[in-house]
Every structure is written in structure tokens, then in C-alpha cells.
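Please examine the model shown below. A set of questions and answers on its sheet, its ligand site and one residue will accompany it.

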Amino acid sequence: MARTTHRIAVIGGDGIGPEVTAEALKVVRAAGVAIETTDFDLGGARYLRDGEILSDETLEQLRAFDAILLGAVGIPQVAPGVIERGLLLKLRFALDLYINQRPFIGTAPGGATPHDFVVIRENTEGPYVGEGGVLRKGTPHEVATQGSVNTRMGTERACRYAFELAMTRGKHVTLVHKTNVLTFAGDLWQRAFDAVAAEYPTVATAYNHVDAACIYFVQDPHRYDVIVTDNLFGDILTDLGGAVSGGIGIASSANLNPARTGPSMFEPVHGSAPDIVGTATANPTAAILSAALMLDFLGEGAAADRIREACAQPVTGSTSEIGSQIASRVAG
Ligand code: IPM
Ligand code: MN
């Protein structure tokens with residue numbers, strides 16, 4: 001079979017983003033996967049330089065790639081939300097990356113045995129859509145609203161993805177929400193979940209309120225196999241998932257368009273960490289494991305497995321030393 005060369009758009013981004021992304025590419029190449037990369041200079045630093053966040057033209061260029069590998073975006077000199085909404089969320093929405101898949105394998109602090117679960121975070125709806133506005137800004141009568149948008153289509157496709165994934169794993173899916181307070185959105189989620197569950201009679205189901213799920217993440221993560229949840233709950237829960245699974249330095253994520261109408265995007269859960277930029281202390285493992293998720297999606301599952309095995313062994317040293325250690329393990 002002819003070997004496919006995968007065309008990867010690389011957005012190193014800001015802060016430690018370019019440092020960890022370089023190590024991820026080093027490891028992918030060491031694993032023998034044929035890639036051709038094109039760098040896109042995007043993020044807070046680019047914005048400060050010439051005002052571009054993500055032009056329509058750049059977005060169209062990105063659509064032509066097989067996948068996007070992203071480091072991290074955001075710098076302290078740019079107001080919160082400008083780059084996040086204008087670049088990261090714009091990419092998730094425009095490319096219809098409706099699944100944010102975040103695997104967690106590790107042992108919780110004080111835990112005895114490793115857990116292995118995956119959070120499926122709905123990635124295009126909820127409070128992230130930017131619904132709402134502000135009135136009488138800066139006055140004592142200021143009003144701000146920020147709505148949560150949930151569609152039957154969006155909730156159902158997230159649930160279906162979760163059940164399909166569970167069929168390949170432990171055949172168990174937990175819906176996490178707050179149906180006792182967010183009764184409109186919660187009810188829609190619960191009915192979509194139940195309808196999809198009926199199509200998968202061999203998959204067991206559970207429901208947790210998100211506050212209770214926070215306790216279980218710490219005290220009983222073994223109860224989980226696949227979790228499906230909304231965009232904001234999923235954002236918060238996956239930082240906690242990282243904290244109970246070896247730290248945010250190894251937490252990986254895949255923004256997926258399972259319909260494959262365009263490229264999917266792979267990025268660590270962590271941010272740009274401007275406080276440690278240039279110190280070579282960032283752990284590139286989260287970026288490397290995100291690249292492994294990219295390889296899974298590109299049909300290079302064997303190389304992805306080898307990278308995960310290499311990352312499971314202890315690593316020490318600077319950012320590039322860790323990258324080189326893992327690269328030499330996958331090269332064999
Ligand atoms: C994440 C990040 C983003 C999010 C931010 C940077 C917009 O926290 O990927 O988890 O909230 O989704
Ligand atoms: Mn987050």
C-alpha cells in the first residue's frame with residue numbers, strides 16, 4: 001500500500017505553544033509517519049503585530065489540510081476573549097469541530113489503581129456561542145446576559161459519538177449535566193441522551209449532576225468509561241480530569257469533525273503558560289499525546305499506540321530533552 005503523506009497545518013501559537021508543538025512534530029516524524037507541515041503564524045503575538053486574528057482567507061487555507069496541530073493561544077497583553085473567541089472558538093465553530101475528546105488515564109492523588117475514562121465535550125454550543133449582550137454598561141444599572149444555546153441536533157450528535165466510542169471500550173456512558181437547575185437545557189440533553197441510548201441496548205448508562213461528578217472525579221474515577229457533557233461543563237471537568245490524571249502537563253485533546261467535512265484540530269488541554277515561556281520547563285507530553293490523537297484520526301493508529309506507550313514511561317529534563325527521549329523510544 002502506498003504510504004500517505006498527511007498535510008498538517010501547524011499553529012504553534014503563543015507562549016509555550018511553539019515549544020511543545022515542535023516536540024510533538026519531532027515525535028511524529030520519529031514514529032515514521034509521513035507528514036508535510038505548513039506553519040501558520042497566528043495568536044496573540046501575531047494580532048499585536050498586524051491585527052490579524054483569523055481572516056477568512058486564512059480560514060479557507062486551513063480547510064485544505066488533513067489536520068491542524070495547535071499549541072496554545074493567548075497572551076497577557078491582549079484582553080481575555082479576543083484571541084480565544086476570534087481564533088480558537090472560531091476554528092471550532094467554522095470547521096464544525098463538534099466533539100472535543102479528552103482522554104484521561106492516570107491515578108488520582110491518593111488513589112490505588114489507574115483509571116481510564118474519556119470526556120466527550122460538546123464543542124460548538126452551550127454558553128460558548130456568544131449569545132447575549134450588555135446594556136447600560138458601566139452604570140449601576142448595567143445588565144449582562146449570556147445565554148446557553150442547545151440544539152437537538154447538537155446534543156444528539158454528541159451523545160451518538162459517545163455511544164459509538166463506548167462500543168469500542170467499556171460499553172458505559174455517563175451523561176453529566178445539571179438537570180435539577182438548568183431544566184430547559186438539561187431536559188433537552190436528557191431526552192437526546194435517552195433516545196440515542198435506546199439505539200445501543202448493550203451500552204449501560206448513568207447520569208451525574210456536574211457538582212457530584214467533581215467529587216467522583218477525585219474520589220471514584222473508576223466508575224467512568226465515557227462521559228458526555230455540554231461545552232462549559234466539559235471545559236471545567238477536563239481541567240479537573242487532568243489534575244486527577246497525572247497533571248495538566250499530560251492532558252491531550254482532539255477537536256473533531258467526525259463527519260470529516262474538513263480538518264480536525266488537535267491541541268493540549270493546557271494554555272500558553274506565559275509565566276514559563278522560554279524556560280524550557282514546559283512538559284511537551286500533552287502536545288505529543290494530542291499528536292497521537294491526530295494520528296488515530298488520520299488512520300495511523302499503530303504509530304499513535306507506540307507514541308502513547310513511549311509517553312507512559314517516566315521522562316525527565318527540559319522540554320526538548322523530554323521530546324527527544326520520547327522520540328527515541330518510538331523510533332525503537
Ligand atoms: C480549552 C480552553 C478554551 C476553552 C479557552 C482557551 C477558550 O480552556 O480548550 O479547554 O474554554 O474551551
Ligand atoms: Mn479549558
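The questions and answers below treat the sheet, then the ligand, then one helix residue.

This is a predicted model, in which local features need pLDDT of at least 70, side-chain atom pairs count only at pLDDT 80 or more, and totals for chains, interfaces and linings use all residues. Residues are numbered from 1 along each chain as its sequence is written, chains are lettered from A and ligands numbered from 1 in the order in which they are written, and side-chain values use heavy atoms, with hydrogens and water left out.

Q: Which are the edge strands of the open sheet?
A: Strands are DSSP runs of E with at least two residues, numbered from the N terminus, and two of them pair if DSSP finds at least two bridges between them. The 10 strands of this open sheet follow the order β2-β1-β3-β12-β11-β4-β5-β10-β8-β9, with mixed pairing. Those that pair on one side only are β2 (35-39) and β9 (204-209).

Q: Which residue in β2 is the bridge partner of V10?
A: Strands of a sheet pair through backbone hydrogen bonds, either parallel or antiparallel. Between β1 and β2 the pairing is parallel and spans 5 bridges. Within β2, the partner of V10 is D39.

Q: Which residue in β5 does R102 stand opposite?
A: Strands β4 (residues 99-106) and β5 (residues 115-122) run antiparallel and are joined by 8 bridges. The β5 residue opposite R102 is V119.

Q: How far from an oxygen atom of ligand 1 is the N or O atom in the side chain of Y128?
A: The residues around ligand 1, each with a heavy atom within 4 Å of it, are E84, L88, R92, R102, R121, Y128 and D235. Polar side-chain atoms of R92 and R102 lie 2.7 Å and 2.9 Å from an oxygen atom of the ligand, respectively. For Y128, the corresponding distance is 2.6 Å.

Q: Why does T58 count as buried or exposed?
A: T58 is placed in helix α3 (residues 56-63), a helix being a DSSP run of H or I with at least four residues. Its side chain makes a polar contact (N or O atoms within 3.5 Å, one able to donate a hydrogen and the other to accept it) with the side chain of S55 at 2.9 Å. Buried means under 20% relative accessible area, exposed over 50% and partly exposed in between, with a 1.4 Å probe and protein chains only. T58 counts as buried because its relative accessibility is 10%.
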